[in-house]
Amino acid sequence: MNNNTNKRTVILGTDWWTDCDDAAALRIACRADQAGLWHLTGVICNACMEYSAASLNAFMTSEGYGKLPIGLDREATDFGRNPPYQKTLTEKLPHSINTNDDLPDGLALYLRLLEEAEVPVEIMEIGYPQVLAALCKDPDGYRYLAEKVSCLWMMAGNWEKDGVGVENNFARAPRSRKAAAYLLEHCPCPIVFLGWEVGASVISGKPETVPDDNDPLRMAFIAHGSRDGRSSWDPMLVLLALAGDAETAGYTLRRGYASVDPETGENRFRYDETGPHAYVVKTQPDCWYEEKLAQWLK
Ligand SMILES: [Ca+2]
């Protein structure tokens with residue numbers, strides 16, 4: 001962990017659920033901290049499976065961040081499916097946190113980290129939105145979002161058809177749909193979305209980038225069945241946030257007002273240059289992003 005506090009402060013929300021691209025995103029977030037580009041102060045896990053805490057701590061430990069605070073939404077057991085890599089990482093890698101009960105509540109950790117943080121703070125979300133919605137409903141949390149958070153970067157939504165689409169992070173379950181609808185309507189800080197359509201065809205974690213099968217990132221990718229690489233939704237979101245600027249990161253912005261239907265999870269967009277929301281549109285070929293991701297993941 002770098003000790004330079006005179007930098008951007010970032011907090012990462014992740015579902016750390018069934019997809020291995022969260023692991024790639026975490027690696028970049030940790031390495032950017034190591035490089036002194038920002039101060040990563042904590043990770044909030046917003047899906048809760050049997051090995052969530054232990055496997056997340058195991059991966060973070062392998063990246064040199066075993067002491068980084070992790071919070072967990074312990075109620076988030078309703079997103080279904082089986083996580084393919086969490087048990088593998090828990091069994092193969094050292095970890096100091098063993099059970100989900102060893103972690104503080106996700107909302108409580110957000111509140112503490114935001115209270116302690118120097119401005120400006122940015123939040124990156126690569127999972128489900130219910131903890132952020134709870135933060136937005138909390139009076140102190142709302143105040144921190146309004147006064148301390150300069151941007152919320154979210155991998156969520158599918159915006160390619162004039163801003164209308166359905167994507168997992170919003171639409172997975174009743175709780176994610178309602179939370180997304182609330183968050184987008186009430187969040188007082190700007191939100192920049194990177195949608196499904198941006199990351200799907202950009203492949204990262206290829207064997208030529210991460211050749212060692214004992215590399216923890218590689219372990220997660222292989223356990224996920226992504227031996228040849230995986231779509232790059234989550235690591236692209238982290239690289240976008242790291243650039244801090246859409247153009248530098250290889251995008252243009254479409255600005256306006258995003259919303260989510262609380263019943264169906266469908267996202268919509270009303271275009272307005274003065275709106276608080278934006279989604280990114282790629283300006284570069286996929287290989288351009290793949291090269292940038294490979295530089296960080298190798
Ligand atoms: Ca994710």
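Q: Contact means heavy atoms within 4.5 Å. Which elements help cover the buried residues of α12?
A: This is a predicted model: local features need pLDDT of at least 70, side-chain atom pairs count only at pLDDT 80 or more, and totals for chains, interfaces and linings use all residues. Residues are numbered from 1 along each chain as its sequence is written, and side-chain values use heavy atoms, leaving out hydrogens and water. Helices (H or I, at least four residues) and strands (E, at least two) are DSSP runs, numbered from the N terminus. The cover of α12 includes α1 (21-34), β7 (203-204), α10 (216-224), α11 (233-243), β9 (251-260) and β11 (277-282).

Q: What arc around the axis do the buried residues of α12 cover?
A: Buried means under 20% relative accessible area, exposed over 50%, partly exposed in between (1.4 Å probe, protein chains only). In α12 the buried residues are Tyr289, Glu290, Leu293, Ala294 and Leu297. They lie on the same side of α12, because they cover an arc of only 140°. The arc is that of the directions from the helix axis to the C-beta atoms, and its value here is 140°.

Q: How far apart are the end C-alpha atoms of α12?
A: The expected span of a helix is 1.5 Å times one less than its number of residues. For the 12 residues of α12 (286-297), that gives 16 Å. The end C-alpha atoms agree with this, at 16 Å.

Q: Which protein donors hold the calcium ion, and what spacing do they follow along the chain?
A: Donors are N, O and S atoms within 2.8 Å of the metal (3.2 Å for Na, K and Ca); water is not among the atoms, so sites may look incomplete. Asp15 (OD), Asp22 (OD), Asp22 (OD), Ile126 (O) and Asp234 (OD) lie 2.3 to 2.5 Å from the calcium ion. Their spacing is D-x6-D-x103-I-x107-D.

Q: Are Asp15 and Asp22 buried or exposed?
A: Asp15 and Asp22 are both donors of the calcium ion. Both are buried.

Q: What kind of aromatic pair do Trp17 and Tyr128 form?
A: Rings of Phe, Tyr and Trp (its six-membered ring) pair if their centres lie within 6.5 Å; planes under 30 degrees apart count as stacked, over 60 as edge-to-face and the rest as tilted. The structure holds 15 such pairs. For Trp17 and Tyr128 the centres are 5.6 Å apart and the planes at 75°. The pair is therefore edge-to-face.

Q: How many residues apart are Trp17 and Tyr128?
A: Trp17 is buried at 2% relative accessible area, and Tyr128 is buried at 0%. Trp17 is in the loop between β1 (9-14) and α1, and Tyr128 in the loop between β4 (121-126) and α5 (130-137). The pair links distant parts of the chain, with a separation of 111 residues.

Q: Over which ring does the charged end of Lys292 sit?
A: A charge sits over a ring if NZ of Lys or CZ of Arg is within 6 Å of the ring centre and within 35 degrees of the ring normal. Lys137 lies over the face of Tyr182, at 4.6 Å from the ring centre. Lys292 sits 4.6 Å from the centre of the ring of Trp288.

Q: How many of the residues of α11 are buried?
A: The buried residues of α11 include Trp233, Asp234 and Pro235. The helix is mostly covered, and the buried count among its 11 residues is 10.
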